[in-house]
Amino acid sequence: MSRDRDPRTLRRSARSALIAASVTALSLTASGCVVVHGEREILPSTTRAEAAKALQEFTTAYNEADKAYDASLDADHTTGALADIDSARLKAGKANNPDGNPNHAPLKLTDAKYTIPKKAGWPRWFLVDAAGNKGGTARWLLVFTRSSLDDPFQVAYLTLVAPGKVPEFKKDADGWAESVPVNSTGLAADPGDLSRDYTAYLKNGGDTFADGSHTSQWRALREKNSKKPGLVTQYIDEPLTNGDYQPLALRTADGGALVFFTTRHYEKQTAYAGTSFPVPNKDVLALTTGEIKQSLMMEFVSNEVALDPPKGSGKQKVTILGRIQGMTSAEGS
């Protein structure tokens, strides 16, 4: 019998493991720490102090990256849609201004309000609603998320919403909010379906979404731009729902939900035969591969925040409150 199968050896290994586990448990008890399985326990996603620290760290890193036009400086603090949009913006800025951002003005976020859901499972996440020194009077909504205790909190969603449009959230006696499952059926639309619903709406219309600048008006603008003199524009819209792009929703006081979700958009511009393609701006060129002869295919990532009313409330249409979109790449041909 080999040594690794000797019963005596196995018993000694088991005793060693038990002793090690006991010592670990004793040290945790003595220090007042408790190990909790985040995948099972219903707990606040973080503490208010940790949320404030995460916001401060993000703002510092964001400003450093913007000043230097260096995406590596805030890469540890962004993920999902914001990471795609922000890294492409910084890449274009660096290409056109190798020495950094000549127009840098530090972002300052004040009057921060933290909405922290109490939930089981990962990701753990929370919402910050703050006033910014950019974007006029709009409120800055930032969704911080992480997938394990070993991960830092990162901003996955960043949108701007008109003042007074951020809803009141449902909270328990201790002030913790409620996370809404993506497959919740008690709403006008399932949160997990909103990305697909939105891209389908942009293509075909429908009655899922209320009229507004990000719905009916955007469809009308795209229709108008689809056939300009000498240039044809085609649009393709795709949902993004997995991994760091998964939708996140908070229960509102009226039983509805505030939902954050992501979409991807392609815009192909083709010049008529015998005409020259209009020269794009320098930021577009910085993200473009290939030679632009007759056409340019641009890729955009967009993150949206929507108010999803409860069924039977009399308000059965989803309202897009805010949307930030950024070009992430382009290809000429």
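Start with one pair of residues: Lys268 has Met297 in β13 as its bridge partner. This is a predicted model, and that pair belongs to a longer match between strands. Strand β11, residues 257-271, is joined to β13 by 14 bridges. The two strands run antiparallel. Strands of a sheet pair through backbone hydrogen bonds, in either a parallel or an antiparallel sense.

β13 also pairs with strand β14, residues 319-332. Here 12 bridges connect the two, again in the antiparallel sense. Ala306 marks one point of this match, with Ile320 in β14 as its bridge partner. How many of the 14 residues of β13 are buried? The count is 12, so the strand, which spans residues 295-308, is largely enclosed by the rest of the structure.

Now step back to the whole chain. It holds 6 helices and 14 strands. Of its 333 residues, 44% are buried. Among contacts with a separation of 6 or more, 67% link residues 24 or more positions apart. The chain exposes about 17,500 Å². Carbon and sulfur atoms supply 52% of that area.

Next comes an open sheet of 3 strands. Its order is β1-β3-β7, and its pairing is mixed. β1 (43-44) and β7 (177-178) stand at the edges with a single partner strand each, so one side of each has no neighbour in the sheet. β1 meets strand β3, residues 117-119, through 2 bridges, and these strands run antiparallel. Within β3, Lys119 is the residue opposite Leu43.

A second open sheet has 4 strands. They follow the order β2-β4-β5-β6, with antiparallel pairing. The edge strands, β2 (109-115) and β6 (154-161), each pair on one side only. Neighbouring strands of this sheet are turned against each other by 25 degrees on average, direction ignored. Inside the sheet, strand β4 (residues 124-132) is joined to strand β5 (residues 139-146) by 8 bridges. Leu127 stands opposite Val143 in β5.

Which helix lies across this sheet? Helix α2 lies across β2, β4, β5 and β6, and runs at about 140 degrees to β2. α2, residues 48-68, also packs with helix α3, residues 80-96. Their axes are 9 Å apart, at an angle of about 30 degrees. Angles under 35 degrees count as roughly parallel, so α2 is roughly parallel to α3. On the α2 side, the contact residues are Phe58, Tyr62, Ala65, Asp66 and Ala68. They meet Leu82, Asp86, Arg89, Leu90 and Lys94 in α3. By type, the residues of this contact are 6 nonpolar, no polar and 4 charged.

Last, consider the backbone. Most residues other than glycine have a negative phi, and most peptide bonds are trans. Three places depart from that pattern. The loop between α2 and α3 holds Tyr69. Tyr69 is not a glycine, yet its phi is positive, about 55 degrees. Is Tyr69 buried or exposed? At 14% relative accessibility, Tyr69 counts as buried. Asp111, in strand β2, has a positive phi of about 50 degrees and is not a glycine either. Asp111 counts as partly exposed, at 46% relative accessibility. The peptide bond from Trp122 to Pro123 is cis, with omega near 5 degrees. Pro123 is found in the loop between β3 and β4.

Methods: Residues are numbered from 1 along each chain as its sequence is written. This is a predicted model: local features need pLDDT of at least 70, side-chain atom pairs count only at pLDDT 80 or more; totals for chains, interfaces and linings use all residues. Side-chain values use heavy atoms; hydrogens and water are left out. Buried means under 20% relative accessible area, exposed over 50%, partly exposed in between (1.4 Å probe, protein chains only). Two strands pair if DSSP finds at least two bridges between them. Axes are lines fitted to C-alpha atoms, for helices over the stretch in contact, and angles run from 0 to 180 degrees between N-to-C directions. Angles under 35 degrees count as roughly parallel, over 145 as roughly antiparallel, 65 to 115 as roughly perpendicular and the rest as oblique. Contact means heavy atoms within 4.5 Å. Ala, Val, Leu, Ile, Met, Phe, Trp, Tyr, Cys and Pro count as nonpolar, Asp, Glu, Lys and Arg as charged, and the others, Gly among them, as polar. Accessible areas come from the Shrake-Rupley method with a 1.4 Å probe; for residues, only the protein chains shown count as cover.
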